[in-house]
Amino acid sequence: MNAFRIRPAVGQDARVLADMLVEAANWNPVRSRTRVTVMEDPTVLHYIAGWQRPGDFGCVAEDARGVAVGACWARLFPADRPGYGFVAPGVPELTLGVYPPWRAQGVGRALLRELSREAAARGHARLSLSVERENFAQRLYVSEGFVTVAAGERSDTMVRTVR
Ligand SMILES: CC(C)(COP(=O)(O)OP(=O)(O)OC[C@H]1O[C@@H](n2cnc3c(N)ncnc32)[C@H](O)[C@@H]1OP(=O)(O)O)[C@@H](O)C(=O)NCCC(=O)NCCS
C-alpha cells in the first residue's frame, strides 16, 4: 500500500480539481471523452468554475513527494442553477476523483471522510452527490452513510448527514 496524506484544498488546486473532475466525468471508460470535451461541457465546468469561491471547500490527497493523487470537494449551488446532485440551496454537493494508479488503496474513502468532517466543522448538516447506478462508487457512498433521496434514469441523488 502506498503512503498518502490528506490536506485541505486551496485556491491553487484548481488544476488538480479539474483533473479529478475529468476522472469523475469519465468514470465509465466506454463513454470516455477527451479532457477538452469534458471541460467544454458547462454542466461539468459548473463544479469548478471560479474555484475557490466563498463556501467552496475540499481536500487533496498527495503522495510522499507532495504530488496530488486525488481530491474531493464540495460547493453550494443555487436552485436556479443546480448541480446534478442538488437537493437544497444550503446543502453542498461533492465531487470525488482519484488518479487511476492510486485507486483501490483507500484514498477515495479517506477523502470522503475528511470532506464530511470539514462539512460538519463548517456547520453543514448534510452533503449531497449524484452517482450513476452502474458506478461501483455508489457502494462506497452507501458504506459511508449516503442514502438515495431521488432516482433519475441512470443516476441517483444521495445525501448523508454529517453531524
Ligand atoms: C470512485 C473512486 C473515487 C474511489 O476511490 P478509490 O480510492 O479507488 O476507493 P477506495 O480505495 O477508498 O475504495 C473504496 C471501496 O471501493 C472498493 N473498490 C475500489 N475499487 C473498486 C472497483 N474497481 N470495483 C469495485 N469496488 C472497488 C474498495 O474495495 C473499497 O471498499 P472496501 O473498503 O470495502 O474494500 C475512484 O475509483 C475514482 O476516481 N473513480 C473514477 C471517478 C468516479 O467514479 N468518481 C465518482 C463519481 S460519482
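Which polar side-chain atom lies 2.9 Å from an oxygen atom of the ligand? I put this to the model, which is a predicted one, and found that the atom belongs to Arg109.

**Entry 1: polar contacts of the ligand**

I then looked for backbone atoms beside the ligand. A backbone N or O atom of Gly106 lies 2.7 Å from a ligand oxygen atom. On a nitrogen atom of the ligand, I noted a backbone N or O atom of Leu96 at a distance of 2.9 Å. I next looked up how much of the ligand is covered: on its own it has 920 Å² of accessible area, and the protein covers 70% of this.

**Entry 2: the site and its shell**

I checked where the ligand is placed and found it in the largest pocket. I listed 21 residues around it, of which Val98, Ala104, Gly106, Gly108 and Asn135 come nearest. Sorting the shell by residue class, I obtained 11 nonpolar, 6 polar and 4 charged residues.

I also asked which helices and strands supply at least two residues of this shell. They are the helices α1 (14-25), α4 (107-121) and α5 (137-143), together with the strands β4 (93-98) and β5 (126-132). The most is given by α5, with 4 residues.

**Entry 3: backbone geometry**

I returned to Ala104 to examine its backbone. This residue is placed in the loop between β4 and α4, and I recorded a phi near 60°, which is a positive value in a residue other than glycine. Ala104 is also one of the residues that come nearest to the ligand.

Where does a cis peptide bond occur? I found one joining Trp51 and Gln52, with omega at about 15°. I located Gln52 in the loop between α3 (42-45) and β2.

**Entry 4: salt bridges**

How many salt bridges does a search of the whole structure find? I noted 16. One pair I looked up individually is Arg7 and Glu62, whose side chains meet in a salt bridge with an N to O distance of 2.5 Å. Arg7 lies in strand β1 (residues 5-8) and Glu62 in strand β2 (residues 57-62), so this pair ties together parts that are 55 residues apart in sequence.

**Entry 5: summary of the site**

For later reference, I set down the ligand contacts together. The side chain of Arg109 and the backbone of Gly106 each place an atom beside a ligand oxygen, while the backbone of Leu96 does so beside a ligand nitrogen.

Note on methods
Residues numbered from 1 in each chain as written. Predicted model: local features only at pLDDT ≥ 70, side-chain atom pairs only at ≥ 80, totals over all residues. Heavy atoms only, no water. Near = heavy atom within 4 Å. Polar contact = N/O pair within 3.5 Å; in protein donor to acceptor, adjacent residues only side chain to side chain. Areas by Shrake-Rupley, 256 points an atom, 1.4 Å probe, with all protein chains shown as cover. 1 Å grid on protein atoms, 1.4 Å probe; cavity = no way out; pocket = protein on both sides within 12 Å on 5 of 7 lines; lining within 4 Å. Sits in = over half its atoms within 2 Å of the grid points. Nonpolar A, V, L, I, M, F, W, Y, C, P; charged D, E, K, R; others polar. Salt bridge = Lys/Arg side-chain N within 4 Å of Asp/Glu carboxyl O.
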